[in-house]
Amino acid sequence: MRLSQLFLRIGVFVIAAIACTFAARATVAIVEDVSVMSVQEDLVDAQMPWASVLGDGLQVIIEGEAPTEAARFRAISTAGRVVDASRVIDNMSVVDTAGIAAPDFAVEILRGDSGVSIIGLIPAATDREALDARITQIARGLTVTDLLETADYPVPDTWRDAMTYALRALDLLPRSKISVTANRIAITAIADSARQKADFETSLARNVPQGIRRQVRITAPRPVISPYTIRFTKDADGARFAACAADSPATEQQIMEAAIAAGFSGRSSCVQALGVPSRTWGRAAALAIKAVGDIGGGTVTLADTDITLVGLETTDQDTFERVAGVLENALPDVYALSTDLPRPPEASADGPPTFTAQRSSDGAVQLSGRVVDDLSNMTAQNYAAAKFGAGNVNMGTRVTGDLPQDWSVRVLAGLEVLAQLQNGSVAVTPDLVTVKGETGNANAQAIVTNLLIDKLGQTAEADLDITYVKELDPAAGLPTPDECIANIENVTDGRKIVFDPGSATLTSDSQPIVDDIAEILQRCPDIRLQIAGYTDSQGGEEMNQELSQTRADAVLNALRVRRIPIATFTAIGYGEADPIADNDTADGREANRRIAFSLTQTAEEAAAAAAADNDAADAEETSQTDNETNE
């Protein structure tokens, strides 16, 4: 009996021991799981997802590759806040910093009326004092905001050249944004005028660092013309514009189509400008120009909303009145029409009274002819002195009576016209202002026409023989043909002329690109340019060649519409030839569908280049022979 009770007690103790053992193990497992989960969650919350947590009993093991030694220490500290630090086992490694790639150094610079701001990452080896001094000098006393960071990595080979060029551009452009990397510079700026824009582009095209791509986009406001003027004449000398203003390419095309139908054969001289008096300007101008053709010749002048139609001395009276009546009824309501049909003047033995102003190439000005009275004579002298310098003016006028009432106004208008010429003469009579001379302003004829209309009225008659001389143009520092191509490559960097699928119609997104190219070509007269069209390899070879040709022709025509002289341009379609990418991929085919611009050579230039290459080859061969002989 006692023995049975003993065995029973032993069995109870054994069972209790086994139960305690399992309970202890379960408790440890629960503690382990809770610890691992809690530490892992805190590491994730601390932005350290690279660290992983393992449990080993009551110990917590942290593994993973820490980006820095500091990150490794933060991981241990984070785990120590969850469990006892003695339970944390460090099994982490640290990334080898020697194998980390250098960062892309980049700088963004903004310059405006409030100052200069610069932000980005630059090499630690940069001379900060010199950079800060240069930026301060460019700011010219305005605020400089410096948000640059540095990194201690090797300096790219082209970085210093890129920054030097960028700072030169920043100094040149008072309102600009310049983005710089080691291999690319992007410049966006605003100019005050079209001439300043051209000067900026020419300056930026010089001394471009080798191995660095440029993207330059400079915008300029359109000029404001007042009065907004068109003057179209058709006579025995042909059809021509003395002045032409349009508010858009579509309006210009409308005007030119009417002029061509009336006998005009030159290229458009219309200036796209602000100040148009009505949205119906193009329609009114087209109707007025058509009227000149319908009466067989004459002059029509549009000055804002006033239109004056003047016939020739030989114009038939009935025809003139009929055409004028049709025009008056067809014009939009905002326009007012006046007409004038001159008759042959009566002959005068003495000829009409005349005032003449002459300007020589050395700046001397001679005034001669008739003036109304002493006060008018003094006024003309003082006005000329203000325009040309008192020391340059010689007076040869005489005071006479019996002159037209507006004679003094016509004299002063003649002097103002003379100021538009570098050399030449202006002769003023009661019915005509005759201008002959040379100028360095390509728009001088339009300026003179606007001036005479403004001062003497829309019926003012003028005979203009003004010659533009490139050497007299202060902005004649035109880019070379190679610089023109480089500028085209700059504005098309990252942008592409695109057509509707399977057609030669430019997309709306391509129009601004063609506008930018046209602005560059305005500064590149007589350049021999090839416009090459290419396609991918999909489709038939003959069909691709035809498509590439029509697309090249479309670009050529788009430039012609933008008033670019295209006589020296050629458009050639090469089809699927000369691929620049793999036609087996969608990206490659997209790259191969392109328009390319390049210079062409005349036969003489090609022969000269070939001769030069042959001479160089002969010289090299002779040099090699001499070396062999010496050996």
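Here are three short exercises on the disulfides and one sheet of this predicted model.

**Exercise 1. Find which cysteine is joined to C244, and work out the handedness of the link.**

*Step 1.* Start with the distance. The sulfur atoms of C244 and C270 lie 1.9 Å apart, and the cut-off for a disulfide is 2.5 Å, so this pair counts as one. What does that mean chemically? A disulfide is a covalent bond between the sulfur atoms of two cysteines.

*Step 2.* Now look at the twist about the bond. The torsion about the S-S bond of C244 and C270 is about 65°, so this disulfide is right-handed.

*Step 3.* Next, place both ends on the chain. C244 sits in the loop between β11 (238-243) and β12 (245-246), while C270 is in the loop between α6 (249-261) and β13 (271-272). The two are 26 residues apart, and the pair links distant parts of the chain.

*Step 4.* Finally, check burial: both C244 and C270 are buried.

**Exercise 2. Describe the link between C484 and C524, then give the pairing pattern of the bonded cysteines.**

*Step 1.* C484 and C524 are joined by a disulfide, with an S to S distance of 1.9 Å.

*Step 2.* Here the torsion about the S-S bond is -105°, and the link of C484 and C524 is left-handed.

*Step 3.* Where are the ends? C484 belongs to helix α12 (residues 481-491), and C524 lies in the loop between α13 (511-522) and β23 (529-534). That puts them 40 residues apart, again linking distant parts of the chain.

*Step 4.* Buried or exposed? Buried means under 20% relative accessible area. C484 has 1% relative accessibility, so it counts as buried. C524 comes in at 4%, so it is buried too.

*Step 5.* Put it together. The count comes to two disulfides, and if you number the bonded cysteines in sequence order, the pairing reads 1-2, 3-4.

**Exercise 3. Work out the strand order of the open five-stranded sheet, and find the helix that packs on the sheet.**

*Step 1.* Write down the order: β11-β10-β14-β15-β16, with mixed pairing.

*Step 2.* Pick out the edges. β11 and β16 (336-340) each pair on one side only, which makes them the edge strands.

*Step 3.* Go from strand to strand: the twist averages 15° from one to the next.

*Step 4.* Zoom in on one pair. β10 (residues 229-235) runs antiparallel to β11, with five bridges between them. T233 has R240 of β11 as its bridge partner.

*Step 5.* Add the helix. α7 (residues 281-294) packs on the sheet and touches β10, β11, β14 (298-303) and β15 (306-311). The direction of α7 makes about 165° with that of β14.

Notes:
Residues are numbered from 1 along each chain as its sequence is written. This is a predicted model: local features need pLDDT of at least 70, side-chain atom pairs count only at pLDDT 80 or more; totals for chains, interfaces and linings use all residues. Side-chain values use heavy atoms; hydrogens and water are left out. Helices (H or I, at least four residues) and strands (E, at least two) are DSSP runs, numbered from the N terminus. Buried means under 20% relative accessible area, exposed over 50%, partly exposed in between (1.4 Å probe, protein chains only). Two strands pair if DSSP finds at least two bridges between them. Axes are lines fitted to C-alpha atoms, for helices over the stretch in contact, and angles run from 0 to 180 degrees between N-to-C directions. Contact means heavy atoms within 4.5 Å.
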